[in-house]
Amino acid sequence: VFAGAIPECHPTISPRMYHACMAPVSLAVILALSFLVKRRRLQRGCWNGVPGLLSPANFLEEDGSRGVAVAVFGILFTSLCQLVLDKDPLPFVSPSSPSTREYWKILALFYYPAFYFPLLACATARHRLGYLAGSLLAWGHCLVLLWQTAECPLAPKPPRIHGFVPVSLKIPGRGYYRKYLKAVLSKRCRMGSSMKIEESLWSRIRSYLCSYVYIPEEGFRIPLTLVVSVAMAVIAVYQVALLLLVAFVPNIQIVRAGMTKDVVVLLVQFGVVPSERPAVPGDMESELRTARHYLWSLEVCYICSLVLCCLLTCAALLRTLVTHRSNLKALYQGAVLDVFSKAQILRPSREAIVCWISFASFQAAFACLGLLIQQVIFFLCSVAFTFLVVIPLQAGTGSPLFGIIRNMWPFWLTLVLAVLLQHLLAHSQFLERHSLRKEITNRRALSVLAFLLFPTNVLVGVMAGVWRVVISGLYNAIHFGQLDISLLPRSAENFDPGFRTYCHYLRVEVTQCHPLVRAFCCLLLSPGHPEPPAPPRDTRLEEGLQLTHPECPAAGRAQPRRLRARWWVAYTLLHNPSLAASRKTALADPTANGTR
């Protein structure tokens, strides 16, 4: 449907009325729920610590509802996309002039987060009234948007209704720290064969494809901020792809439908459309069909390249989940060099906090820019391949590319033969194989060959340089949206803002959300279990033995001490698995250390 064919529609509940009614209700809900939360630092003795500050989500905890956070962030990002394209940024403000529109957009950047803030804050209040208010507020948003969509189904608005349904299902989550600790401590060292099994080509291809699929592991869960960042990146890819599709395809269809013979004559004169008699304009029916076929080919190339870019970007985002898990597991175990290029102490800092705040936003922005860059590159490549290879082969005419290849085939053949000659001589004449090593031989002939082939290798180097530019450009464009890898070498990776943000984000997550430390704190804060009563003493023992028998310490003192001892044993064995064979229980085993 073309943009001009969409009829103008005015719903019963206009956007201005919708925001004018829902904004005061959201403010009232926030003020009411603030009395259910106590302050932690500021004047805690005043009014018994109320009202307090509501939090939209416990991003540094793992007991929140992930679906609610993803849905609300998706709604907020969709509102941002609408804000960029809409002429009236704030719905309750009268139509603004072009000079003041940018100021209203800046104000709207802070209005929409405040407008949807209660949807997440109601869940963190941890009160039945909060869950009830959040559900009613979410269903209110949903019903109004459903009513507007039913009245104006063709209105060009981003889809936001699907996000309010999971928001209304606010079910408080439970922590997984103890499960993670049990999963870590229950793992046994598996003695595997040291022989390397040769895998087939199909097995290697299948394992490579499976590396792009995130399979959940028992006892490990991706942090909430990573889930939100990947979800926002996928929504950003969808929104940008939809915008690119709507901006190009209807216009090219209008141009193709309005193509006339007068325009075709002009294209023939410029040599864009081939003609049998360009100097004598005639019927031009065949040239008109050719011009429309060219425009249709452009449309097909654009759609195919856009689909390919979306698939590549989504595959790269799924791959990041696997990389995030491996990096977090390595840092949890203290393997800093497996993630970072040099050893460092993980601790929060000012820059790390700022990067943690902006990580999800950076992921969505980089995904949008990566999709745009990929679309430009792949569209130009597909157009070049179509008009230089496919269309000339389909029409049976000559192509400039085929002419260049036909005229320069001796040059290409010389380069190929020079490269093959160097490989063959290096294999047969300049490399001497021994049982355990390889040595270079015929060094005089090797020097003579290097001198004689220097001009030829310069031309080969030019071709290799062109290929380096192409492959590096494609690699950087495809992986542009991945923040977990650096597009610069290790010596300059600090100049990559995306990778630097990701590294600082990992520092905050590992230092503040380490599951083993959280499990240890939960064990210390949990109430101690009463110990069973001591067995009766044997009255037949001598009095001296009874007097010197050590008394059991109080249960309240023994419980934290025993927990600390067990914690240090578990932590030591986790970082030093070889010490497991030196434990008392292992040494008491008759099969320990190879003795039977």
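The paragraphs below lead through this structure from its overall make-up to its nonpolar interior, a buried loop residue and a nonpolar patch on the surface.

The model is a predicted one, and the protein in it has 596 residues, of which buried residues make up 33%. Its secondary structure consists of 22 helices and two strands. Among the contacts with a separation of 6 or more, 73% are between residues that stand 24 or more positions apart in the chain. Towards the outside, the protein exposes about 38,600 Å², and carbon and sulfur atoms supply 67% of that area.

In soluble globular proteins, nonpolar side chains tend to be buried together. The largest nonpolar core in this model has 68 residues, and those with the most contacts inside it are Phe-77, Tyr-116, Leu-328, Phe-340, Leu-371 and Leu-506. Helix H9, which covers residues 224-257, gives the most to this core, with twelve residues. Because domain 1 (15-151) and domain 2 (204-396) both give residues to the core, it lies between them. Leu-506 shows what the surroundings of one of these residues look like: leaving aside its neighbours within four places in sequence, Leu-506 is in contact with Asn-327, Leu-328, Leu-331, Val-339 and Phe-340. Apart from this core lies another one, made of nine residues, among them Met-259, Val-264, Val-268 and Leu-295.

A loop residue can be followed in the same way, beginning with Gln-482, whose place is in the loop between H17 and helix H18 (497-512). Gln-482 has a relative accessible area of 6%, and because buried means under 20%, this residue counts as buried. Once its neighbours within four places in sequence are left aside, Gln-482 is in contact with Ala-316, Arg-319 and Thr-320.

On the surface, a nonpolar patch is formed by Ile-404, Met-408, Trp-412, Phe-454, Val-458, Val-462, Met-463, Val-466, Trp-467, Val-470 and Ile-471, which together have about 1,000 Å² of accessible area. Helix H17, running over residues 454-478, gives the most to this patch, with eight residues. Met-408, another member of the patch, is found in the loop between helix H14 (400-407) and helix H15 (409-428). The relative accessibility of Met-408 is 34%, so this residue counts as partly exposed, a class that lies between the buried limit of 20% and the exposed limit of 50%.

Technical notes:
Residues numbered from 1 in each chain as written. Predicted model: local features only at pLDDT ≥ 70, side-chain atom pairs only at ≥ 80, totals over all residues. Heavy atoms only, no water. Patch = residues over 30% accessible without salt bridge, like charges linked within 9 Å, V, L, I, M, F, W, Y side chains within 5 Å. Areas by Shrake-Rupley, 256 points an atom, 1.4 Å probe, with all protein chains shown as cover. Salt bridge = Lys/Arg side-chain N within 4 Å of Asp/Glu carboxyl O. Helix = DSSP H or I, 4+ residues; strand = E, 2+ residues; numbered from the N terminus. Buried < 20%, exposed > 50% of the residue type's maximum accessible area, 1.4 Å probe, protein only. Core = buried A, V, L, I, M, F, W, Y, C linked by side-chain atoms within 4.5 Å. Domains from an automatic or database assignment. Contact = heavy atoms within 4.5 Å.
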